[in-house]
Amino acid sequence: MKKENSIQKQHMGMKASQLISNTVIHVLLVIMSVIWLVPFVFILLQSFRTETNETGTMVTWMVDYVIPKKWGFDNYINLWNSGFFRWYFNTFIVALITAALQTIIVLCMSYTLSRFRFKMRKPLMKFMLILGMFPGMLTMIILYRVLKDLGMTQANALPGLVLVYVASSGMGYYVSKGFFDTIPKSLDEAARVDGASRFKVLTKIILPMSKPIVIYTILTAFMGPWGDFVLARYIAFGDTAGYNVAVGMYQWLTLDQINKCYTMFCAGGVVVAIPVALLFIFLQKYYVEGVTGGAVKG
Amino acid sequence: MKKYSDLEYLKLPKWKRFFYKIASFFASIPTKLKNLIFKIGRFFKAVFLGIAGEFKDVFTTFVKGDWKTKISYFVMGFGCIARGQIMRGLLFLLFECVFIVYMIFWGGYWLSMLPSLGKVGPKEVYDPIYDTYITEYNDNSFKILLYGVLTLFFIIAFIYTWRVNVRQNKVAEEIIRSGKKLKSAKQDLRSMVDDQFHKTLLALPMLGIIVFTVMPIVFMILVAFTNYDGSHDGFNNNLFTWVGLDNFNTMLSWSTSGSGGSTQSYAATFGEVLAWTLIWAFFATFTNYFLGMFVAMMINKKGIRLKKVWRTILVLTIAIPQFISLLYVSKMFAKNGIVNGFLKDLGWIKESIDFWGSTKLNGLLPRITVIIINIWIGIPYLMLIATGILMNIPADLYESAKIDGASPWKQYTKITLPYMLFITGPYLLTSFIGNMNNFNVIYLLTGGAPTNPAASGAAGSVGYTDLLITWLFKITTGAESQYYFASVIGILVFAVVAVISLIVYSLMPSTRNEEDFQ
């Protein structure tokens with residue numbers, strides 16, 4: 001009887017400590033969520049701020065409050081009147097074409113390196129590992145000069161950008177190769193015994209099974225150009241017609257423009273972020289699969 | 001160091017075991033490094049032997065081959081055509097013709113100019129018709145270097161194709177001797193989607209990598225040995241030329257004379273930036289790693305509600321492009337930004353805190369701020385990765401640990417952490433290297449500011465939060481555009497990364513086999 005009591009007590013004690021620790025964790029998680037969301041909420045709120053100062057110009061930068069004193073859509077209207085939607089269109093087209101081509105290239109590369117055993121396979125993978133250790137930024141200098149000779153910079157930067165994004169994308173095969181490695185080889189062999197060619201094996205057996213990794217590849221291939229700053233800045237340098245959103249919006253926050261364009265930047269940020277954020281939340285499952293798979297299988 | 005047997009080891013008290021482990025780790029480093037050096041030696045030996053073998057094979061094929069094979073040594077594809085493989089033979093022949101025509105009309109010129117990178121620069125020429133001086137443009141160093149490299153690649157490709165041509169003759173002779181039939185053109189085409197399918201699949205990606213990564217890298221490595229910069233652009237103002245190791249000497253010299261007016265030498269500046277790059281990479285990797293794991297464990301814990309909501313909130317940070325979130329956050333922490341505004345309204349501070357501009361203690365405050373904001377950026381990725389791995393740890397490990405009375409901390413250090421470290425070892429390395437080259441976070445947050453007064457005269461004017469990679473970018477976009485320095489820094493970054501990876505790989509317990517899952 002006595003023994004039972006003590007066990008019960010112990011049980012109760014554990015329950016209480018569970019309860020306390022869970023409460024603490026909940027509080028921590030709430031605090032964290034607030035910290036993580038604050039900048040985005042701020043951007044959203046400030047994009048609606050339209051109050052003016054004594055001289056009648058809009059107050060944009062240097063305030064110590066977030067909730068607008070006067071709400072309105074003026075920033076979005078200004079956005080429409082600036083070059084923003086040209087950039088938006090540029091970015092969208094580049095990201096779309098890049099996503100399509102890059103997915104094909106990455107899948108070709110990773111499928112081959114995962115399924116085929118040929119003499120140059122290991123040396124090739126090592127070679128690409130070494131290539132990856134060079135900072136990619138180094139090659140921009142020459143790529144810019146060459147693209148300039150081909151007439152694919154400044155205002156005509158879009159084809160040049162697509163070319164550069166897509167051309168070297170074969171080196172990012174790791175994650176999808178890890179996925180293909182997990183598909184049992186016996187499937188291929190069975191089909192080969194039945195007389196299917198390698199091409200048929202790929203299109204009829206492997207691809208239908210690889211929906212998650214295909215979606216992951218498309219998603220990351222789209223997100224890259226959508227948020228790219230360095231390369232776009234380098235190649236479209238000096239001509240606003242060839243800018244993408246990142247390069248265009250970057251200059252709104254430079255010292256001489258921030259007083260005029262700060263709230264417009266917030267509005268632009270909202271317009272840029274909403275489609276990708278939605279896309280992301282819908283496809284979250286596939287993204288998470290890709291990221292974890294990539295890290296585990298290296 | 002004394003080596004214990006297993007039994008002796010188990011008898012040791014705990015703290016001795018710990019020191020024994022550490023000591024044996026360090027004791028094993030020399031052997032491991034020695035193995036590494038031997039491995040590199042063996043690699044070069046294998047390469048050398050491979051090349052020698054190729055020469056031997058080419059020679060014996062010629063001696064033993066029939067007349068068709070012998071003619072193929074000079075007219076590529078002749079053997080194929082003579083043996084009925086018309087399509088293959090014509091492709092070889094076409095390639096040879098293209099190569100010869102190219103070398104005669106263009107390639108020869110580029111190759112001959114390569115050693116000097118151009119002889120006649122642009123000059124002012126008197127124009128009698130308009131009675132003015134006009135600039136006459138002559139050689140173009142940039143193009144000479146570029147097409148020179150291209151021609152070299154083309155020659156290598158030609159040699160390789162020639163070698164393939166020779167080997168095909170040998171193989172064809174063997175097939176005929178054994179009484180079998182050679183492949184027809186139709187069979188060739190079919191094998192492209194069947195047993196040679198890997199070549200078809202790799203052709204396009206590899207072409208892209210060679211043209212847009214390998215050749216530019218070769219070109220940029222060569223640039224490090226020239227004086228290519230804004231005032232020697234090779235065509236419009238001055239030609240550039242080879243300068244040997246001068247740029248490396250300047251970058252790694254301790255004298256202040258060649259440092260462009262800075263009070264410290266290039267070597268000191270480079271050392272400072274490299275040190276900060278390594279410190280940054282270390283903190284950025286490990287703060288994210290441990291905090292991300294911690295957050296994942298919190299969300300995964302039994303009895304926590306709304307797991308999906310917490311995860312989605314964090315994933316949202318990944319979804320929103322970094323240039324928006326980072327630029328916005330950088331303005332939040334600006335001297336007249338909203339964070340300072342709030343703190344002043346709360347009465348906690350009187351003067352604005354200069355998060356990005358404080359140069360005290362080598363820019364300690366901006367450096368810390370960057371690392372903290374990077375935690376905000378990085379935790380979501382790590383949370384996702386850690387969640388996936390934590391779910392894979394067998395639950396019965398924890399059950400039995402609990403029955404044995406292990407505290408949560410013990411469970412963490414004895415089960416969770418070893419498991420995580422084992423699985424994510426390679427990931428930690430790639431993420432460390434990724435952070436060394438993390439351009440976005442640094443450039444969008446601070447742009448490298450605040451400027452380091454001692455190094456302000458150095459190329460690209462170096463700031464306290466500049467990583468090597470942002471320094472490189474600033475040099476190439478700066479007023480003087482010393483491309484050769486950018487190149488030198490790029491090569492040095494490669495060297496550092498390569499050394500770190502080689503050491504880590506050779507010290508890591510075992511790399512997992514990629515065939516484990518198949």
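The paragraphs below lead through selected features of this predicted model, from paired charges to surface patches and then to single residues in loops.

A good place to begin is with charged side chains. Side chains of opposite charge can pair when their charged atoms come close. Over all chains, the count comes to twelve salt bridges, and several of those in chain B can be followed residue by residue. B:R163 forms a salt bridge with B:E54, and the closest N and O atoms of this pair are 2.5 Å apart. The pair links distant parts of the chain, since B:R163 belongs to helix α6 (residues 141-177) of chain B while B:E54 belongs to helix α2 of chain B, 109 residues apart. The two partners also differ in how they are covered: B:R163 counts as buried, because its relative accessibility is 9%, under the 20% limit for that class, whereas B:E54 counts as partly exposed at 34%.

B:E54 has another partner in B:R167, for the side chains of these two residues meet in a salt bridge with a distance of 3.9 Å from N to O. Here again distant parts of the chain are linked, with B:R167 in helix α6 of chain B and B:E54 in helix α2 of chain B, 113 residues apart. B:R167 is partly exposed, with a relative accessible area of 35%. Which residues make up the network of salt bridges that includes B:E54? The network links B:E54, B:D57, B:R163, B:R167 and B:K170.

Helix α6 of chain B also holds a pair within its own length, in which the side chains of B:E173 and B:R177 meet in a salt bridge at 3.2 Å from N to O. Because B:E173 and B:R177 are four residues apart in helix α6 of chain B, they are separated by about one helical turn. One end of this pair is covered and the other is open: B:E173 is buried, with a relative accessible area of 12%, while B:R177 counts as exposed at 63%.

The surface of chain B can be considered next. A patch of positive charge is formed there by B:K14, B:K21, B:K410 and B:K414, which gather on the surface. Two helices of chain B, α2 (14-64) and α16 (408-436), each supply at least two residues of this positive patch, so that the patch draws on separate stretches of the chain's numbering. B:K410 has its place in helix α16 of chain B, and with a relative accessible area of 41% this lysine is partly exposed.

Helix α2 of chain B takes part in a surface patch of another character as well. B:I40, B:F43, B:F44, B:V47, B:I51, B:F55 and B:L502 make a nonpolar surface patch of about 710 Å², and α2(B) gives the most to it, with six residues. One of the residues of this patch, B:I40, is found in helix α2 of chain B and counts as partly exposed at 36% relative accessibility.

The loops supply the remaining details. In chain B, two residues other than glycine have a positive phi near 55 degrees, namely B:D131 and B:L306. B:D131 lies in the loop between β1 (123-127) and β2 (132-136) of chain B, and B:L306 lies in the loop between α10 (266-300) and α11 (307-319) of chain B. Are these residues buried or exposed? B:D131 is exposed, with a relative accessible area of 52%, and B:L306 is exposed as well, with 53%.

A further loop residue of chain B, B:S358, has its place between α13 (338-345) and α14 (360-392), and it counts as buried at 16% relative accessibility. A polar atom of the side chain of B:S358 lies 3.4 Å from the backbone nitrogen of B:K360.

Chain A offers one loop residue for comparison. A:D239 is found in the loop between α11 (230-235) and α12 (245-252) of chain A, where it counts as partly exposed at 25% relative accessibility. The C-alpha atoms of A:D239 and A:F84 are separated by 13 Å, although these residues are 155 residues apart along the chain.

Conventions:
Residues numbered from 1 in each chain as written. Chains lettered and ligands numbered in written order. Predicted model: local features only at pLDDT ≥ 70, side-chain atom pairs only at ≥ 80, totals over all residues. Heavy atoms only, no water. Patch = residues over 30% accessible without salt bridge, like charges linked within 9 Å, V, L, I, M, F, W, Y side chains within 5 Å. Areas by Shrake-Rupley, 256 points an atom, 1.4 Å probe, with all protein chains shown as cover. Salt bridge = Lys/Arg side-chain N within 4 Å of Asp/Glu carboxyl O. Lys, Arg positive; Asp, Glu negative; His and termini not counted. Charge placed at Lys NZ, Arg CZ, Asp CG, Glu CD. Buried < 20%, exposed > 50% of the residue type's maximum accessible area, 1.4 Å probe, protein only. Polar contact = N/O pair within 3.5 Å; in protein donor to acceptor, adjacent residues only side chain to side chain.
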